[in-house]
Amino acid sequence: NITEGTANSAGEYSLTGHISSAVRLDKVVLTKEGQTAPFFTDESTAKNKNEYDFSYLITGIAANTYIIMDAYDQAGGKITLRFLIKKN
């Protein structure tokens, strides 16, 4: 997966990629770095999948922003990915 991209002039960016897991997924959570509360939780389309193609629209990018993606599996495991979205 690409680890950075640039938002469009409206401050939007589509974060896309693929998650592969030996254990079925439980959920995917997106948080802006530095914030404690997630702005998006996917507990439906990712659930019960070992292979998951995702596309999440991120809005409100007014400055360079790191997005933290936590992918949780059903065995209690977690993988964390960090993406930089640059302001256009």
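This passage describes the overall build, the sheets, the core and two individual residues of a predicted model.

The overall layout makes a friendly starting point. The protein chain contains seven strands and zero helices, so its pattern along the sequence reads simply β-β-β-β-β-β-β. The radius of gyration is 13 Å, which agrees with the value near 12 Å for a compact globule of 88 residues. Along the principal axes, the C-alpha atoms of the protein chain fill a box of roughly 40 × 25 × 20 Å. The accessible surface amounts to about 5,200 Å², and carbon and sulfur atoms account for 47% of this surface. Of the 88 residues, 35% are buried. Contacts also reach across the sequence: when residues at least 6 apart are considered, 62% of the contacts join residues at least 24 apart.

The strands come next. Strands of a sheet pair through backbone hydrogen bonds, and the pairing can be parallel or antiparallel. In this model, five strands form an open sheet in the order β1-β7-β6-β3-β4, and the pairing within this sheet is mixed. Its edge strands are β1, residues 4-6, and β4, each of which pairs on one side only. On average, neighbouring strands of this sheet are turned by 20° against each other, with direction ignored.

Strand β3 is a good place to enter this sheet. It covers residues 25-32, and six of its eight residues are buried. Strand β6, residues 65-73, runs antiparallel to β3, and seven bridges join the two. Within this pairing, V28 has A71 of β6 as its bridge partner. Strand β4, residues 40-42, is also antiparallel to β3 and is joined to it by three bridges. Here L30 is found opposite F40 of β4.

The path through the sheet can be followed further from β6. Eight bridges link β6 to strand β7, residues 78-86, again in the antiparallel sense. A71, already met as the bridge partner of V28, stands opposite I79 in β7.

Another pairing involves β2 and β5, which are antiparallel and share eight bridges. Two pairs of residues help to locate it in the structure: Y13 has I58 of β5 as its bridge partner, while H18 has D53 of β5. Both strands have two contrasting faces. In β2, the covered face consists of Y13, L15, G17 and I19, and the uncovered face consists of S14, T16, H18 and S20. In β5, Y52, F54, Y56 and I58 form the covered face, whereas E51, D53, S55 and L57 form the uncovered one. The bridge partners Y13 and I58 thus belong to covered faces, Y13 in β2 and I58 in β5. H18 lies on the uncovered face of β2, and its partner D53 lies on the uncovered face of β5.

What lies in the interior? The largest nonpolar core has 18 residues, and those touching the most other members are L15, I19, V28, Y52, Y56, I58 and M69. Two or more residues come from each of β2 (13-20), β3, β5 (51-58), β6 and β7. The most generous contributor is β5, with four residues. L15 shows how parts of the chain that are separate in sequence come together: beyond its neighbours within four places in sequence, L15 is in contact with L30, F54, S55, Y56, I58, I67, M69 and F83.

Two individual residues complete the picture. R82 is found in strand β7. Its relative accessible area is 43%, so R82 counts as partly exposed, a class that runs between 20% and 50%. Leaving out neighbours within four places in sequence, R82 is in contact with T3, E33, Y66, I67 and I68. R82 and L30 are 52 residues apart along the chain, yet their C-alpha atoms are separated by 9.8 Å.

N48 sits outside the strands, in the loop between β4 and β5. Its phi is positive, about 70°, although N48 is not a glycine. N48 is partly exposed because its relative accessible area, 39%, falls between the limits of 20% and 50%.

Key. Residues are numbered from 1 along each chain as its sequence is written. This is a predicted model: local features need pLDDT of at least 70, side-chain atom pairs count only at pLDDT 80 or more; totals for chains, interfaces and linings use all residues. Side-chain values use heavy atoms; hydrogens and water are left out. Buried means under 20% relative accessible area, exposed over 50%, partly exposed in between (1.4 Å probe, protein chains only). Two strands pair if DSSP finds at least two bridges between them. Axes are lines fitted to C-alpha atoms, for helices over the stretch in contact, and angles run from 0 to 180 degrees between N-to-C directions. A nonpolar core is a set of buried Ala, Val, Leu, Ile, Met, Phe, Trp, Tyr and Cys residues joined through side-chain atoms within 4.5 Å. Contact means heavy atoms within 4.5 Å. The radius of gyration is taken over C-alpha atoms; the globule rule is 2.2 Å times the number of residues to the power 0.38. Accessible areas come from the Shrake-Rupley method with a 1.4 Å probe; for residues, only the protein chains shown count as cover.
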